[in-house]
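Hi everyone, thanks for making time. I'd like to walk you through a structure that's new to most of you, so please have it open on your screen.

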Amino acid sequence: FIIGPRGPGKTYALTKYCIEQFIKTGHQFIWVRRFTKEVKECAGAFLRDMLKNEEFPGHELAMKGRKVYVDGKIAGELLALATADDRKSSPTPDVYTLVFDEFIIDNGAKGYRHYLPGEITTFLTLISSTVRQRPGWSVWLLANAVTVNNPYFIYWNIVLPYGKDIARVKDDILIEYFHNAKFAEAAKESQFGHLVAGTEYAEYAIDNQFRLDDNTFICKRP
């Protein structure tokens, strides 16, 4: 689980990682969003930054529908969790990476205000049907600091790291709650940073403080 402010490059870094893994090993990836509408919106811009920044010179990157192609071969695909049950029997022997982007619901995002019924089970079923019994796979869940009160943190009894960036929830689960001081400083000096300076939005988007959570009732015990 990676929780970070808006803009430092969570999605960018994982997109680059997935493509690098395919080029190096041939391992494919599945990029998950919750709803079909999100997948359609994401597909149109999925490779835009990679192409703009020429991250992979000498390689041809292309989107065809919801599939990501590298040098003419399928490297990955975009999938809506809401329709994941439709592909239970689809073989995926070369998929070793799953990325769930924006796994925490932002109640301010119009149209995406609810989790799926039985979402954790659906997501675990997707993992199980994708990787089967083979070792060496990884799942990355990315989100902004919206709220710790979400089904995933509750299901695995996840608490934020205290005094460090990364905490081990159990042997095979890590959570990273990061604050990039260099990014935050640059963001605060930007035009938008000046616009939101001193507001709750700046605390959320730049300082990575959970927007919907409130700790004003917590104090040192007398």
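**A walk through the model**

Let's start at Glu54, in the loop that runs between helix 3 (48-52) and strand 3 (61-64). Before I go on, keep in mind that what you're looking at is a predicted model. So, what's odd about Glu54? Its phi is positive, about 50°, although Glu54 is not a glycine. Most residues other than glycine have a negative phi. Is Glu54 buried or exposed? At 61% relative accessibility, Glu54 counts as exposed, because the cut-off for that is over 50%.

There's another residue of this kind at Arg132, where phi is near 55°, again positive in a residue other than glycine. You'll find Arg132 in the loop that links helix 4 (119-131) with strand 7 (138-143). With a relative accessible area of 48%, Arg132 is partly exposed.

Okay, on to the sheet. Nine strands make up an open sheet, and the order across it is 3-4-5-2-6-7-1-9-8, with mixed pairing. Which strands sit at the edges? Those are strand 3 and strand 8 (166-170), and each of them pairs on one side only. If you'd like to see what packs on this sheet, look at helix 2: it touches strand 2, strand 3 and strand 5, and its direction makes about 140° with that of strand 5. Then there's helix 1, which lies across several strands, among them strand 1 (2-3), strand 6 (95-101) and strand 7. Relative to strand 7, helix 1 runs at about 160°.

Now zoom in on strand 5, residues 73-80. Strand 5 is mostly covered, with six of its eight residues buried. How does strand 5 pair with strand 2, in the parallel or the antiparallel sense? They're parallel, over five bridges, and within strand 5 it's Gly76 that has Phe29 opposite it. Strand 4 (residues 67-70) is the antiparallel case, joined to strand 5 by four bridges. There, Val70 stands opposite Lys73 of strand 5. Strand 4 and strand 5 also form a hairpin, with two residues between them. One residue in that turn, Asp71, has a positive phi of about 55°.

Next up, charged pairs. In general, side chains of opposite charge can pair when their charged atoms come close. How many salt bridges are there here? The count comes to three.

Take Lys16 and Glu55, whose closest N and O atoms are 3.2 Å apart. Lys16 is in helix 1 (residues 10-25) and Glu55 is in the loop between helix 3 and strand 3, so this pair ties together parts that are 39 residues apart in sequence. Lys16 is partly exposed at 26% relative accessibility, and Glu55 is partly exposed too, at 22%.

Then there's Glu38 with Arg33, at 3.3 Å between the closest N and O atoms. Glu38 and Arg33 are both buried.

And there's Arg34 with Glu119, which meet at 2.8 Å, N to O. What does that pair link? Arg34 comes from the loop between strand 2 (28-33) and helix 2 (36-43), while Glu119 belongs to helix 4, so parts 85 residues apart in sequence are tied together. Arg34 and Glu119 are buried as well.

Let's look inside. The largest nonpolar core has 29 residues, and the ones with the most contacts inside it are Phe1, Leu81, Phe103 and Tyr152. Which element gives the largest share of this core? That's helix 4, with five residues. Other elements that supply at least two residues each include strand 6, helix 5 (151-155) and strand 9.

Tyr152 is a nice one to click on. Leaving aside residues up to four places away in sequence, its contacts include Phe1, Leu81, Phe103 and Ile158. Tyr152 also touches Arg34 and Glu119, the salt-bridge partners from a moment ago. There's a second, separate core too, with 23 residues, including Phe29, Phe46, Phe56 and Val70. You've met Phe29 and Val70 already, opposite Gly76 and Lys73.

Last stop is Phe178, in the loop between strand 9 (173-177) and helix 6 (181-189). Phe178 has a relative accessible area of 15%, so it counts as buried, the cut-off being under 20%. How far is its C-alpha from that of Gly4? The two are separated by 5.6 Å, even though Phe178 and Gly4 are 174 residues apart along the chain.

That's my tour, and I'm happy to go back to any part of it.

Notes. Residues numbered from 1 in each chain as written. Predicted model: local features only at pLDDT ≥ 70, side-chain atom pairs only at ≥ 80, totals over all residues. Heavy atoms only, no water. Buried < 20%, exposed > 50% of the residue type's maximum accessible area, 1.4 Å probe, protein only. Salt bridge = Lys/Arg side-chain N within 4 Å of Asp/Glu carboxyl O. Pairing = 2+ DSSP bridges. Contact = heavy atoms within 4.5 Å. Axes fitted to C-alpha atoms, helices over the stretch in contact; angles between N-to-C directions. Core = buried A, V, L, I, M, F, W, Y, C linked by side-chain atoms within 4.5 Å.
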